[in-house]
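I opened the model today to look up a pair of helices and a few single residues. My entries follow in the order in which I checked them.

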Amino acid sequence: YWKVFLIFVPIAFLFFSNQGQYCADELICSRYDAWAKEDFVENFFGLARTYNSEWWFFKSYLLALFQGYIFIEIFKNRKMLYVELGTVILWSILLIGVFPGKSQLLWNNAWYNEICRGSEFVVLLFAGIVFAKYDIFEAWKTYLGNLKKAETIILSVLGIGLSIYVRQFFLKVEWDIVIAPVFIFACYMFIEETGFLKRPLGFLGTHSTNMWLVHTFFCFYFGTVAKFIYGFNNAVIAYIILFVLSLGSSILVDLIWKGIGKGYLFLGTCFTRRSK
């Protein structure tokens with residue numbers, strides 16, 4: 001987050017301030033018109049997302065780590081699969097259905113507001129912890145052990161398609177603790193059985209976080225780039241251009257910070273030699 005922040009936010013203010021009205025949403029067009037120290041600090045630490053609205057998940061991620069650590073510590077020396085799954089479901093109910101409707105007097109309390117009324121997606125980390133602790137994916141693989149390769153591939157494709165379909169048209173966010181593991185497992189089995197997708201998807205996986213962090217600069221906030229992407233009036237072409245820009249930027253971000261890291265080590269070595 002900070003590696004992308006320290007590169008793209010200065011670029012935004014240097015080259016994409018005072019862009020004029022290039023889309024219907026004026027807040028998107030004028031996002032980098034004025035720099036303020038307070039806004040910079042708040043966005044840097046994830047307390048605000050005025051520089052990039054799609055960075056909302058950063059604070060949720062930090063809260064998930066905090067809550068997830070507590071969850072792990074509570075059940076660390078216990079083997080109670082169904083109790084832990086029940087706890088995940090209960091916390092999901094509280095986050096989505098109970099806490100948001102409580103008295104607004106509590107909303108002024110930062111701990112209550114961030115933990116109890118934070119992102120409902122935090123509970124997904126709890127589900128991941130339970131699946132990892134009890135090797136549930138390995139158990140599912142055992143159930144599929146007697147299937148032939150072609151049957152496993154077909155079943156995986158069906159699992160991927162059905163997960164997307166039911167989540168899009170029938171189920172709400174509270175079902176993600178069920179749908180997400182099924183989708184992930186189906187993707188995993190498909191990749192394992194086909195084989196040829198391992199390397200390219202592994203490469204994309206190493207850049208997926210960077211790509212997510214940078215992609216909205218190109219399709220929303222950098223007006224000149226956004227107009228170029230949408231100027232083709234073709235969703236497929238727009239997606240390909242955005243994909244290439246995001247991946248290329250991710251590679252450059254990594255190269256820049258690798259260079260900075262090498263420079264830092266070099267300077268450290270020089271100072272060490274001089275001190276001797």
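Entry one. In this predicted model, I looked first at helix 1 (residues 2-15) and helix 3 (residues 37-44), whose axes come within 11 Å and cross at roughly 150 degrees. Because an angle over 145 degrees counts as roughly antiparallel, I noted helix 1 as roughly antiparallel to helix 3. I then listed the residues that meet, and found Trp2, Phe5, Leu6 and Val9 on the side of helix 1, with Phe40, Asn43 and Phe44 on the side of helix 3. Sorted by class, this contact has six nonpolar residues and one polar residue, and no charged residues.

Entry two. I went on to serine 92, which I located in helix 5 (residues 81-98). Is serine 92 buried or exposed? I wrote it down as buried, because its relative accessibility is 6% and the cut-off for buried is under 20%. Leaving aside neighbours within four places in sequence, I found serine 92 in contact with Gly97, Val123 and Glu174.

Entry three. Cysteine 116 was my next residue, and I placed it in helix 6, which covers residues 110-116. Its relative accessible area is 14%, so cysteine 116 also falls under the 20% cut-off and counts as buried. Which residues does cysteine 116 touch, not counting those up to four places away in sequence? I recorded Leu95, Phe99 and Trp111. Lastly I checked cysteine 116 against isoleucine 240, and noted that they are 124 residues apart in sequence and 39 Å apart in space, taken from C-alpha to C-alpha.

Methods: Residues are numbered from 1 along each chain as its sequence is written. This is a predicted model: local features need pLDDT of at least 70, side-chain atom pairs count only at pLDDT 80 or more; totals for chains, interfaces and linings use all residues. Side-chain values use heavy atoms; hydrogens and water are left out. Helices (H or I, at least four residues) and strands (E, at least two) are DSSP runs, numbered from the N terminus. Buried means under 20% relative accessible area, exposed over 50%, partly exposed in between (1.4 Å probe, protein chains only). Contact means heavy atoms within 4.5 Å. Axes are lines fitted to C-alpha atoms, for helices over the stretch in contact, and angles run from 0 to 180 degrees between N-to-C directions. Angles under 35 degrees count as roughly parallel, over 145 as roughly antiparallel, 65 to 115 as roughly perpendicular and the rest as oblique. Ala, Val, Leu, Ile, Met, Phe, Trp, Tyr, Cys and Pro count as nonpolar, Asp, Glu, Lys and Arg as charged, and the others, Gly among them, as polar.
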